[in-house]
Amino acid sequence: MSPGGPGYRRMSLALFLAGVATFALLYSTQALLPLISGEFGVAASDASWTVAAATGGLALFVLPMSALSERFGRRAVMTASLAVAVTVGLLVPFAPSLGVLVVLRALQGAALAGLPASATAYLAEEVSPKALVTAIGLFVAGNSVGGMSGRVITGWVAQEWGWRVAVGVIGALAVACAVAFRLLLPAPKNFKAGSLRPRVLARTVRDHLSNPLLCRLYAIGALFMTVFGGVYTVIGYRLTEAPFSLPQGIIGSVFLVYLVGTVSASTAGRLVGRLGRRGALYAGGGTTAAGLLLSLAGSLPLVLLGLVLITAGFFAGHAVASSAVSKTATTGRAQASALYQSAYYVGSSAGSTVGAIAFHAGGWAGTVGVGLLAVLGVVTITVFGTRAARMQRRLATAA
């Protein structure tokens, strides 16, 4: 499929809606953490486990679920994943304790694990190579819209009726997205069933992990998400405190800055065309770092501008890295994407937990410090990749 061709629009809308449902469910409690802390009488670092458990469950199960997609098909696994995830999502509002809530969130994350890697593998198989970065960018843009709408909706609903009703509304939204996804997504034409034998899977994973470029891309995805997970897990606590003291609905509306991520992800293909892959990663890292530093200001407009830059830099970097994985892997694409998603969500879990701990210990400056270290890691890895590519070109010329 290619832009303007048969099925492309249906495919794009279907996977956009799948991205909306994934991020809306996965981060449905993130904007509500101050309310969850208040109801259960726990600190930010404890409440943050409702986010870390979901992303951790996804990170743990994304590789096994990708193996199932190699055997039973991308569309079937994505459909089943969404069905289970939305079912659990409808149970989350009734959690009687923080422990039960964390367990349900972990189950939800594990169910969602079948979606990200299968979606990128589906695109790599069904979309023309020239349109791949753009198509994956649209899927990532759906992630940003889901993350934004989930947080904005929960913020305003929770202000009036509490966090339980808020996550219930997100569950209902995800049900609608899941149904539309299944009705819209075209049947795959280029899928070839693979093997479920553990030995074959282990060999494929070993081959991917022995590829230096893929390993660098996995690390970059994890580090970008460490920044993003930490910032957006803690920002609600910061904005409820002085000097801002914002109500829950306004805090939820802050996540409208995700729209910036929608734009930056969907235009990642053009950014790569102008700057190259590594140039685009430098741009994403630099933009994220600038946003982190700006967010230290005591002025709300400057804090919001900082969040805009963090969001734009993160989504651009993520779209570039994830599409590069799909292009680099010529076999076992679902496993290659699964390893990226696993690293990505490990970064999210680490960012949520470490960012909350840093906030408890040193305030917002502590969370920013964690983010800057992660951005430094992105830049360092990209510099190393640039030097490695130059060395390879020199060797090829000499030969």
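These legends go with close-up views of helices in a predicted model.

**View A. Helix 4 packs against helix 6.** Let's start with a pair of neighbours: helix 4 covers residues 49-72 and helix 6 covers residues 98-112. Their axes lie 6 Å apart, at an angle of about 30 degrees. Angles under 35 degrees count as roughly parallel, so helix 4 is roughly parallel to helix 6. The crossing of helix 4 past helix 6 is right-handed.

**View B. The residues where helix 4 and helix 6 meet.** Look along helix 4 for Trp49, Thr50, Val51, Ala53, Ala54, Gly57, Leu58, Phe61 and Met65, which are its residues in this contact. On helix 6, their partners include Leu98, Leu101, Val102 and Arg105. Further residues of helix 6 in the contact are Ala106, Gly109, Ala110, Ala111 and Leu112. Sorted by class, the residues of this contact are 14 nonpolar, 3 polar and 1 charged.

**View C. Helix 4 on its own, from its length to its kink.** How far should the 24 residues of helix 4 span at 1.5 Å a residue? The expected value is 34 Å, and the end C-alpha atoms of helix 4 are 32 Å apart, which agrees. Now find Val62, where helix 4 has a kink of about 45 degrees. The proline Pro64 comes shortly after this kink. Just past helix 4 you will meet Gly73, which has a positive phi, near 105 degrees.

**View D. Helix 11 and helix 15 cross.** Here the two partners are helix 11, residues 212-240, and helix 15, residues 300-328. Their axes come within 9 Å and cross at roughly 155 degrees. An angle over 145 degrees counts as roughly antiparallel, which is why helix 11 is described as roughly antiparallel to helix 15. The crossing of these two helices is left-handed. Their contact has 22 nonpolar, 4 polar and 1 charged residues.

**View E. Helix 1 packs against helix 5.** Helix 1 takes in residues 8-26, and helix 5 takes in residues 74-91. The angle between them is about 35 degrees, and their axes are 11 Å apart. Helix 1 passes helix 5 with a left-handed crossing. Which residues of helix 1 meet helix 5? They are Leu15, Ala18, Ala21 and Leu25, and they meet Met78, Leu82, Ala85 and Val86 of helix 5. By class, this contact has 8 nonpolar residues, with no polar and no charged ones.

Methods
Residues are numbered from 1 along each chain as its sequence is written. This is a predicted model: local features need pLDDT of at least 70, side-chain atom pairs count only at pLDDT 80 or more; totals for chains, interfaces and linings use all residues. Side-chain values use heavy atoms; hydrogens and water are left out. Axes are lines fitted to C-alpha atoms, for helices over the stretch in contact, and angles run from 0 to 180 degrees between N-to-C directions. Helices (H or I, at least four residues) and strands (E, at least two) are DSSP runs, numbered from the N terminus. Angles under 35 degrees count as roughly parallel, over 145 as roughly antiparallel, 65 to 115 as roughly perpendicular and the rest as oblique. A crossing is left-handed if the near helix is turned anticlockwise from the far one by less than a right angle, and right-handed if clockwise. Contact means heavy atoms within 4.5 Å. Ala, Val, Leu, Ile, Met, Phe, Trp, Tyr, Cys and Pro count as nonpolar, Asp, Glu, Lys and Arg as charged, and the others, Gly among them, as polar. The expected span of a helix is 1.5 Å times one less than its number of residues. The bend at a residue is the angle between axes fitted to the seven residues ending there and the seven starting there.
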